[in-house]
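Please follow this structure through its pocket, its charged pairs, its loops and its surface, keeping the sequence at hand throughout.

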Amino acid sequence: MRELADLLARIAAHDQAAFARFYDLTCDRVYGMALRVLRDAGYSEEATQEVYLQVWRSAAGFDPRSGSALSWLITMTHRRAVDRVRSEAASHRRSTMYGITTNHPPGDDVGEIVEARERDRVVRDGLGVLTDLQRESVELAYFQGLSYREVAERLDVALPTVKSRIRDGLRRLRVHVAPLSA
């Protein structure tokens, strides 16, 4: 559909009428794709809103030689929805682990409590050996539950940069925390 590509070119110039027309022509498909992946109406609505915000911000990056405007949009939607699924799964895992490590049944062995506190202290201290950029990226991903893509957007850096920061930060943290497992 050539009209969508033309509308994207106008959206790149911040044409609000073009954006409204683009939304009207595509919103059912975007929401449908998000719903298919997320299986939750609320999350799908949020993902749809995020996709259109991304369209508004990155319409200039659309290249009609790479494919149709609709496939560009649907691919963006699918990626956003998958990132949301991953983020929710990671958040659930962290919450579960937090509950397991902080909810001690009555009569816990004092030694276990002391070991757990020592592990927590070492990890907290370990964050101090990271660079500010690594620490911020790791905290957003592992303590706030953001996907790598969400961390990149929050910090306004490229996705590969975020992945490198987190990978390097976790390596440094592993070296600092390694004595605990010995």
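In this predicted model, two helices, α3 (41-58) and α7 (148-155), each contribute at least two residues to the lining of the second largest pocket. The space in that pocket comes to about 480 Å³, and among its 16 lining residues those closest to the centre are Arg57, Arg80, Arg149, Glu153 and Arg154. Sorted by class, the lining consists of 8 charged, 6 nonpolar and 2 polar residues. As for how such a space is found, rolling a probe the size of a water molecule over the atoms shows where empty space is left.

Some of the residues at the pocket also take part in charged pairs, and these can be followed next. Side chains of opposite charge can pair when their charged atoms come close, and a search of the whole structure finds 12 salt bridges. Arg149, one of the residues closest to the centre of the second largest pocket, forms a salt bridge with Asp83, with 2.6 Å between the closest N and O atoms. Because Arg149 belongs to helix α7 and Asp83 to helix α4, this pair ties together parts that are 66 residues apart in sequence. The two partners are not covered to an equal class: Asp83 counts as buried, at 10% relative accessibility, while Arg149 counts as partly exposed, at 28%. Beyond this pair, salt bridges that share partners join Glu46, Glu50, Arg80, Arg84 and Glu153 into one network, and of these residues Arg80 and Glu153 are also among those closest to the centre of the second largest pocket. Within the network, the side chains of Arg84 and Glu50 meet in a salt bridge with an N to O distance of 3.1 Å. Arg84 lies in helix α4 (residues 69-102) and Glu50 in helix α3, so this pair ties together parts that are 34 residues apart in sequence. Arg84 counts as buried, with a relative accessibility of 9%, whereas Glu50, at 24%, counts as partly exposed.

Another salt bridge joins Arg10 to Asp15, where the closest N and O atoms are 3.0 Å apart. Arg10 is partly exposed, with a relative accessible area of 40%, and Asp15 also counts as partly exposed, at 24% relative accessibility.

From the charged pairs the path leads to the backbone of two loops. Most residues other than glycine have a negative phi, and most peptide bonds are trans. Where, against that background, is Arg39 placed, and what is its phi? Arg39 sits in the loop between α2 (16-38) and α3, and although Arg39 is not a glycine, its phi is positive, at about 55 degrees. At 72% relative accessibility, Arg39 counts as exposed, since the cut-off for that class is over 50%. Asp156 likewise has a positive phi, near 60 degrees, in a residue other than glycine. Asp156 is found in the loop between α7 and α8 (159-177), and its relative accessibility of 70% makes it count as exposed.

Two further residues show how separation along the chain and separation in space can be set side by side. Arg119, which has its place in helix α5 (residues 110-127), is 58 residues apart from Val177 in sequence, yet their C-alpha atoms are 8.1 Å apart in space. Arg119 is partly exposed, with a relative accessible area of 42%. Leu133, by contrast, is 11 residues apart from Val122 in sequence, while the C-alpha to C-alpha distance between Leu133 and Val122 is 20 Å. Leu133 lies in helix α6 and counts as partly exposed, at 45% relative accessibility.

Helix α6 also leads to the last stop, on the surface. The helix covers residues 132-143 and includes Tyr142, and Tyr142 forms a nonpolar surface patch together with Phe143 and Tyr148. Taken together, these three residues have about 300 Å² of accessible area. Why can Tyr142 count towards such a patch? Tyr142 is partly exposed, with a relative accessible area of 33%, and patches are made of residues with over 30% relative accessible area and no salt bridge, so Tyr142 passes the cut-off in area.

Note on methods
Residues are numbered from 1 along each chain as its sequence is written. This is a predicted model: local features need pLDDT of at least 70, side-chain atom pairs count only at pLDDT 80 or more; totals for chains, interfaces and linings use all residues. Side-chain values use heavy atoms; hydrogens and water are left out. Patches are made of residues with over 30% relative accessible area and no salt bridge: like charges are joined within 9 Å, nonpolar side chains (Val, Leu, Ile, Met, Phe, Trp, Tyr) within 5 Å. Accessible areas come from the Shrake-Rupley method with a 1.4 Å probe; for residues, only the protein chains shown count as cover. A salt bridge is a side-chain nitrogen of Lys or Arg within 4 Å of a carboxyl oxygen of Asp or Glu. Helices (H or I, at least four residues) and strands (E, at least two) are DSSP runs, numbered from the N terminus. Buried means under 20% relative accessible area, exposed over 50%, partly exposed in between (1.4 Å probe, protein chains only). On a 1 Å grid over the protein atoms alone, a cavity is a set of points where a 1.4 Å probe fits but cannot get out, and a pocket is an open set with protein on both sides within 12 Å along at least five of seven lines; lining residues have an atom within 4 Å of a point. Grid points are joined across faces, edges and corners, and a volume is the space filled by probe spheres set on the points. Ala, Val, Leu, Ile, Met, Phe, Trp, Tyr, Cys and Pro count as nonpolar, Asp, Glu, Lys and Arg as charged, and the others, Gly among them, as polar.
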